[in-house]
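This report looks at how strands are arranged into sheets and how helices lie against them. Please keep the structure in view while reading.

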Amino acid sequence: MARTVARVIIDALQELEVGHVFGVVGDALNPLTDAIRTTDGLEWVGCRHEEAAAFAASAQSQLSGKLGVCMGTVGPGAIHLLNGLYDAAKSRTPVLAIAGQVPLAEMGSDYFQEVDNDLLFRDVAVYRATVTSPDQMPRLLEAAVRAAIGHGGVAVLTVPGDLGDQELTQDRPARFPRTRQLTRPDEPGILQAAEIINAASKVTLLVGRGARDAREEVLALAEYIGAPMVLTLKAKEGFEGDNNPYQVGQTGLIGNPAAAGALDECDTLLMLGTDFPYRDWYPTGCRVVQIDTQEQNLGRRVPIDAGLAGDTGATLRALLPHLDAKPDRAHLDTARKHFATWRTGQQRLAEPAHDTKRWTGRLRSALDNPDHDIRPEALAAAVDAYADDDAIFTSDTGMATVWLSRFVTMHGDRRLIGSYNLGSMANAMPQAMGAQLWAPGRQVVAFCGDGGLSMLLGDLMTIKTYQLPVKLVVFDNRRLGMVKLEQEQAGLAEFGTELDNPDFAAVATALGLTGIRVTDPDTLTDSVRRAFATPGPVLLDVLTNPQEVAVPGKPTVQQGWGFAIAKVKELLQSHEE
């Protein structure tokens, strides 16, 4: 018996070992969801918003390295997928989106809910096609999956409402690639890079996500040439922790002075698997060698003296035999010493009793925390202390990511994902859904901003429906905190950032989750411990200080002056009110 278009697609997903399909059911998707209903090992996860579905699928793909799948039905349903799909595209992770479409005979007639999906998804997708005949299957599906996996991106396959249950006249199994291609540069490029590194006296490594599979080679390189290692946020996973005696944290706005110094003081910068986008944070007056799998990334952010297109591990294995050892460890030791000093200061800030037991804390509190709200540093540090060694963390874009980057260490087998390339709000909670379904036996912790959580609040009900034991940690500062900081650094008074929040713990309780609200710093530690010890989904709503400032690793006089001006404007505005 010939299979239908829907059955071909779902059988292929089963063969690809896809475990979950995320979406909202309806009309054009009905043949597909019915096929999922009768397929072993493949679960339909009904979300409350398609954006959450796309984020969840992207999270599973990033964690597993395999294909993530989401679906959106005709018109608005497909449109709602866009933001989560853009996040997948910017994260370079393979996601297949199945989009519904009006019946084939009605296409092009401005039919009810009709949207040109091939046009809609043109910018976000590496592949997009509309099925117009059953006999195009499984060929179009194979092309979509190959493109998503091969390019590390989004493929969109549109299925009109009257085609899903039509049978193929010539059926065959779908075939997909199973191997990963590893490349390395040719010998002249290797020798050129080695000559530059050997001539240097102070080398600093800037290590990104693209180097995570080459941990052993990167550590061996750092040891051999005595180089401090500055990490991008995505490289925290894999390179952070006590067993890396070379790393000095992150650079950029979320970074620290030690990392900034390690970059500024080097005479050669070696970039490994990163396309770090913030050009203002690159050192000047030094030579630059870059290794990246994507040739178009070489020299995109900063002028380079040698660019090596290839897999980081394979390239370093070829490069290391040509390098000279550097016995002088002064550059590395200085950076590590500064990093240890900075971390000690940060740990003091994270003490729950900092504002009451230290005279500096009491003075600081009088200036910026008169209501004695909980310091976000203390919350992040408490989560770090009590979370499992194999916990999976997600974080919303904004201040929640700042506190995670500074106070949560990716030691053990911990994993980390977030919207770190697109920078979307509202990603942490739906990504935690996808992560928990992917790893049901592991602890999943979402660092949620109050603005981000409330944007897709409805999918708390998805967490309840599927009894996903995620721990949602809400940094409830009643603000769009990063926007507030941006305004004040520019010398603008805070405007439009205040949020009229509900009691999120009470909302969670009403929805059937465990809700815990924390307003007293003295109860913070016990509340975090209780949240992690409680079975099932938990929302920990912590009222944090809205005036908290995250000082960048290399603050400028202009930023400080702008902040001072903003505070004066806010003070005058409060008196006028």
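Which residue of β14 does Thr394 stand opposite? In this predicted model, the residue of β14 that stands opposite Thr394 is Ile417. Strand β13 (residues 392–395) is joined to β14 by 4 bridges, and the two strands pair in the parallel sense.

These strands belong to an open sheet of 6 strands, which is paired in parallel and has the order β14-β13-β15-β16-β18-β17. Because β14 (415–418) and β17 (514–518) each have a single partner strand, they stand at the edges, and one side of each is left without a neighbour in the sheet. On average, and with direction ignored, neighbouring strands of this sheet are turned by 15° against each other.

Another open sheet, also of 6 strands and with parallel pairing, follows the order β9-β8-β7-β10-β11-β12. Its edges are formed by β9 (247–250) and β12 (306–309), each of which has a single partner strand, so one side of each lacks a neighbour in the sheet. Here the average turn between neighbouring strands, direction ignored, is 20°. Within this sheet, β10 (residues 268–272) runs parallel to β11 (residues 287–292), and 5 bridges join the two; Met271 has Gln290 of β11 as its bridge partner.

Helices accompany both sheets, as the table sets out.

| Helix | Strands touched or lain across | Direction |
|---|---|---|
| α8 (residues 187–199) | β7 (203–207), β10, β11 and β12 | about 135° with β12 |
| α9 (residues 215–225) | β7, β8 (229–231) and β10 | about 165° with β7 |
| α3 (residues 50–64) | β13 and β14 | about 145° to β14 |
| α18 (residues 428–438) | β13, β14, β15 (444–449) and β16 (471–476) | about 175° to β15 |

Note on methods. Residues numbered from 1 in each chain as written. Predicted model: local features only at pLDDT ≥ 70, side-chain atom pairs only at ≥ 80, totals over all residues. Heavy atoms only, no water. Pairing = 2+ DSSP bridges. Axes fitted to C-alpha atoms, helices over the stretch in contact; angles between N-to-C directions. Contact = heavy atoms within 4.5 Å.
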